[in-house]
Amino acid sequence: MADAESFLKDLPKVDLHCHLLGTVRPMTFGELARREGLALPDDPERIFADINSRPPDPELYRSTRIPMAQGRSDDEPETSYSLFQASNWVREALRGPDDLTRIVYEALEDAHTLSGTRHVEFSIDVPPPRIAALGFTSMVEAYAEGIRLAERDFGITARMLAAIDRSGTGEEALEWIRTVVDHPHEYLVGIGLDNLENSGPPERFADAYRLAGEAGLRRTAHTSEHVPAAVNAVTCLDVLGCERLDHGYFVLEDDAVVARMRDEQVAFTVVSTTSRRSWRPWRRASIRAMIDAGLNVFPASDDPGMFPTTLLNEYRILHEQVGVGLEQLAAMALAGVEASWLPEEQKDVLRADLRRVELP
Ligand SMILES: [Zn+2]
């Protein structure tokens with residue numbers, strides 16, 4: 001597999017679905033959590049190792065087309081922590097602008113070093129509690145400084161998306177996006193929607209998405225990831241105006257939706273690794289079925305510091321476990337470039353580099 005491995009590493013890849021809080025290295029979290037004296041139920045590094053989000057009510061998934069494991073899988077830790085819980089602890093450990101610059105820089109250093117990633121579009125959230133006094137513009141500027149330093153040192157580029165937490169209200173989302181719109185920044189180019197899908201249907205956030213669209217921000221959303229129905233993906237396109245979608249596995253529940261997604265070649269960022277360990281086989285089978293249905297899917301890392309995974313690992317899993325050939329993986333890398341929100345001239349650089357790639 002040595003040839004395939006170096007091919008995948010060298011492939012010019014973009015990562016369009018990645019949460020900044022989910023990229024934080026376990027050691028960095030440990031250092032910051034100790035500095036802040038956070039009261040945690042275990043060692044910070046142990047918490048990261050034992051992340052295993054419990055699935056929502058298993059009854060919801062009794063009759064999905066691709067069966068979901070109902071029990072626990074072999075690799076599940078005794079005590080486990082949900083991804084959202086861990087993300088919140090990371091939020092609490094962040095203090096000044098230097099922390100923000102640092103976690104962006106480390107995320108991009110890891111993407112470059114471990115995966116050969118060329119461009120990342122990562123989500124940022126509402127200001128962490130110890131950052132709030134900094135103000136929105138200073139927060140974004142601290143993140144942007146991390147991007148600039150990483151570009152200088154590694155040649156990697158990045159942009160930010162403002163993520164809406166769907167467990168909140170539509171009014172809270174609107175207020176957050178109004179803040180984003182009122183403080184434009186060249187590196188903050190779009191918005192997303194995340195957290196547990198069962199807690200917030202996409203239509204709740206129509207006003208926030210409309211405001212973002214009017215301001216020229218690009219739009220994506222997590223959809224059909226936890227809710228076993230295809231309708232949310234349709235709502236994201238038709239009501240929220242999304243230009244690409246994150247996850248989307250449950251579009252497979254509805255043939256008409258699959259046909260539409262195929263005809264329109266809607267871009268899906270898919271992730272083989274999830275913090276719900278028992279769901280990993282279902283994820284991979286779903287991605288296989290999406291590919292077989294002719295959908296436009298390409299891999300992303302999502303929360304690489306926490307699962308843990310890397311973008312390269314996600315390509316490797318598609319090759320070794322999902323049976324995707326190298327040529328098709330190169331086509332996916334190109335699909336990612338096309339779906340990215342980089343300026344055309346920067347896309348051209350990546351397109352040209354992709355044309356030069358030779359199959360082993
Ligand atoms: Zn995600």
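Begin the tour by selecting histidine 247, which lies in strand S7. The model on screen is a predicted one. Histidine 247 is not a glycine, yet its phi is positive, at about 70 degrees. With a relative accessible area of 0%, histidine 247 is buried. For context, most residues other than glycine have a negative phi.

**The zinc site**

Select the zinc ion next, and display its protein donors: His17 (NE2), His19 (NE2), His222 (NE2) and Asp302 (OD). These donors lie 2.1 to 2.3 Å from the zinc ion. Along the chain, the donors follow the spacing H-x1-H-x202-H-x79-D. Within this set, histidine 19 and aspartate 302 link distant parts of the chain, being 283 residues apart. Histidine 19 belongs to strand S1 (residues 13-19), whereas aspartate 302 is in the loop between strand S9 (296-299) and helix H13 (311-320).

Why is the arrangement of the 4 donor atoms irregular? The angles that they subtend around the zinc ion run from 83 to 174 degrees, and a tetrahedral assignment would require all angles to lie between 85 and 135 degrees.

Keep the two linked donors selected and colour by accessibility. Histidine 19 is buried, with a relative accessible area of 10%, and aspartate 302 is buried as well, at 4%. Aspartate 302 also merits a backbone check, since its phi is near 65 degrees, a positive value in a residue other than glycine.

Remain in the loop between S9 and H13, where proline 308 is found. A cis peptide bond joins phenylalanine 307 to proline 308, with omega at about -10 degrees. By comparison, most peptide bonds are trans.

**Threonine 23 and helix H2**

Move to threonine 23, in helix H2. Is threonine 23 buried or exposed? Its relative accessibility is 8%, so threonine 23 counts as buried. A polar atom of the threonine 23 side chain lies 2.6 Å from the backbone oxygen of leucine 20. Not counting residues up to four places away in sequence, threonine 23 touches Cys18, Ile103, Ala107, Pro304 and Gly305.

**Helices H3 and H5**

Select helix H5 (residues 83-93) and show its buried residues, Leu83, Ala86, Ser87, Trp89, Val90, Arg91 and Ala93. What covers them includes helix H2 (20-23), helix H3 (26-36), helix H4 (44-49) and helix H6 (97-115).

Then switch to H3, in which Thr28, Phe29, Gly30, Leu32, Ala33 and Glu36 are buried. The cover over these residues includes H4, H5 and H6. Just after H3, glycine 37 takes a positive phi of about 60 degrees.

**Aspartate 125**

From Arg91 in H5, step to aspartate 125, as the two residues are in contact. Aspartate 125 lies in the loop between strand S2 (117-124) and helix H7 (136-154). Apart from neighbours within four places in sequence, its other contacts are Leu21, Met139, Ala163, Trp176 and Asp194. A distance label between the C-alpha atoms of aspartate 125 and aspartate 165 should read 7.9 Å, although these residues are 40 apart along the chain.

**Arginine 244**

Now select arginine 244, in the loop between helix H10 (231-238) and S7. At 1% relative accessibility, arginine 244 counts as buried. What does its side chain meet in a polar contact of 2.9 Å? The partner is the side chain of glutamate 121. The charged end of arginine 244 sits over the ring of tryptophan 341, 3.7 Å from the ring centre. Beyond four places in sequence, arginine 244 also touches residues including Leu16, Leu161, Arg219, Thr220 and Ala221.

**The aromatic cluster**

Finish with the aromatic rings, among which the model has 9 pairs. The rings of tyrosine 249 and tryptophan 282 have centres 5.5 Å apart and planes at 75 degrees, so this pair is edge-to-face. The pair links distant parts of the chain: tyrosine 249 is in the loop between strand S7 (245-247) and helix H11 (255-264), and tryptophan 282 is in helix H12 (residues 280-292). Both tyrosine 249 and tryptophan 282 are buried.

Extend the selection to Tyr61, Phe250 and Trp279, which ring pairs link with Tyr249 and Trp282 into a cluster. As a last stop, display arginine 276, which lies over the face of tryptophan 279 at 5.4 Å from the ring centre.

Conventions. Residues are numbered from 1 along each chain as its sequence is written. This is a predicted model: local features need pLDDT of at least 70, side-chain atom pairs count only at pLDDT 80 or more; totals for chains, interfaces and linings use all residues. Side-chain values use heavy atoms; hydrogens and water are left out. Donors are N, O and S atoms within 2.8 Å of the metal (3.2 Å for Na, K and Ca); water is not among the atoms, so sites may look incomplete. Four donors count as tetrahedral if all angles lie between 85 and 135 degrees; four count as square planar and six as octahedral if opposite donors are over 155 degrees apart and all others between 65 and 115; anything else is irregular. Helices (H or I, at least four residues) and strands (E, at least two) are DSSP runs, numbered from the N terminus. Buried means under 20% relative accessible area, exposed over 50%, partly exposed in between (1.4 Å probe, protein chains only). Rings of Phe, Tyr and Trp (its six-membered ring) pair if their centres lie within 6.5 Å; planes under 30 degrees apart count as stacked, over 60 as edge-to-face and the rest as tilted. A charge sits over a ring if NZ of Lys or CZ of Arg is within 6 Å of the ring centre and within 35 degrees of the ring normal. Contact means heavy atoms within 4.5 Å. A polar contact is a pair of N or O atoms within 3.5 Å; within protein, one must be able to donate a hydrogen and the other to accept it, and residues adjacent in sequence count only if both atoms are side-chain atoms.
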